[in-house]
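Hi everyone, thanks for coming. I'd like to walk you through a structure today, so have a look at the screen and we'll go through it together.

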Amino acid sequence: MNANPGNWGRAFAKQAQADFEAWSTLQGNKAIPVCHKLHFLQMACEKLCKAHLCKQPGADPKVHQSCHAYTAKNLGIIIRQQLSLTPRPPKNHEYLQDRCNLIAREIELLHPSVDNGGKRPDNCEYPWEQGGNLYVPATWTFPALNLLEAQGGRALLKLIYNAILRLEA
Amino acid sequence: MDEREAATRRLAQRHYLIEPAISEIRTIGSGTAFGLNDTIALLEVNQNTIASGIMPLRFDAVPASGIPFPSVIVEVTPDEYEQIKRNELKLPYDWSLGPLVPRANEGNHD
């Protein structure tokens, strides 16, 4: 593959697909902590956003590789585009878009380097301290990201996965 | 109205519909580098987005969905939009703000 913007986009999308499918495969395994499952979802969403950023001629993929604060800003735009291009978009598209904006921020906060100015130290990789207590990702439930049971969660996950597949085409 | 202009309006209207927090959509015109020929380029002002500068996202054409051109979306906050208009925040690649694409229910679209 030549290193042109289109191929950079496809390369990020291919890795995002692998991350997303790893998340999906782990769903049925109760022995795997939620943090590890969500780690794959966080990586998939981040790479989906970076794929669209890298596709723009003139963008520098190296700049995007080193930063992790892309999901909250860009996932909502990608889902909006995905809904716009769906032949029969779901009737609750406005609700889904609203939910997506909230969930995108929660997904971004899973990365340890993103903590909302110290207010949200919870993340899916490293233990954190809050209010004098110590927390471990492997025993944390991440209630805001229980997407398989939350209203609109499954529809959003499908939109994310379809957006990844569309990029690879 | 040519085919690209029609597709530009179609895509903008869908975005207005899906995201009510978008207050304004304008087209983006190209300068010399990384031109936007045969591309739909939209700047969308969203009250619900995060201020993080200019991040152009590029999407492929999807002719089956009525969008037969690649598209570039730049989303900004209302405050960032004011900065762009005052030239304090610059669009990349010599891009410039083009005409407003009004909501379909806001009157004349031409």
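Let me start with a word I'll need in a moment: a residue is buried if 20 or more other C-beta atoms lie within 10 Å of its own. Please also keep in mind that this is a predicted model.

Let's take chain B. By that cut-off, 38% of its 110 residues count as buried. How does the chain run? Chain B has two helices and five strands, and reading along the sequence you meet them in the pattern α-β-β-β-β-α-β.

Now for the overall dimensions. The C-alpha trace of chain B spans about 35 × 35 × 25 Å along its principal axes. Chain B has a radius of gyration of 13 Å, which agrees with a compact globule, because a globule with 110 residues would have a value near 13 Å.

What about contacts inside the chain? Among the contacts in chain B with a separation of 6 or more, 68% are accounted for by residues 24 or more positions apart.

Finally, let's bring in the partner. How many residues does each chain give to the contact? Chain A provides 21 residues and chain B provides 25 residues. On the side of chain A that touches chain B, the elements giving two or more residues are α2 (34-54), α4 (71-85) and α5 (93-108) of chain A. Of these, α4(A) gives the most, with 10 residues. As for chemistry, that side of chain A divides into eight nonpolar, nine polar and four charged residues.

That's my tour, and I'm happy to go back to any part of it.

Conventions
Residues numbered from 1 in each chain as written. Chains lettered and ligands numbered in written order. Predicted model: local features only at pLDDT ≥ 70, side-chain atom pairs only at ≥ 80, totals over all residues. Helix = DSSP H or I, 4+ residues; strand = E, 2+ residues; numbered from the N terminus. Rg over C-alpha atoms; globule rule 2.2 N^0.38 Å. Buried ≥ 20, exposed ≤ 12 C-beta atoms within 10 Å, placed from the backbone. Contact = placed C-beta atoms within 7 Å. Nonpolar A, V, L, I, M, F, W, Y, C, P; charged D, E, K, R; others polar.
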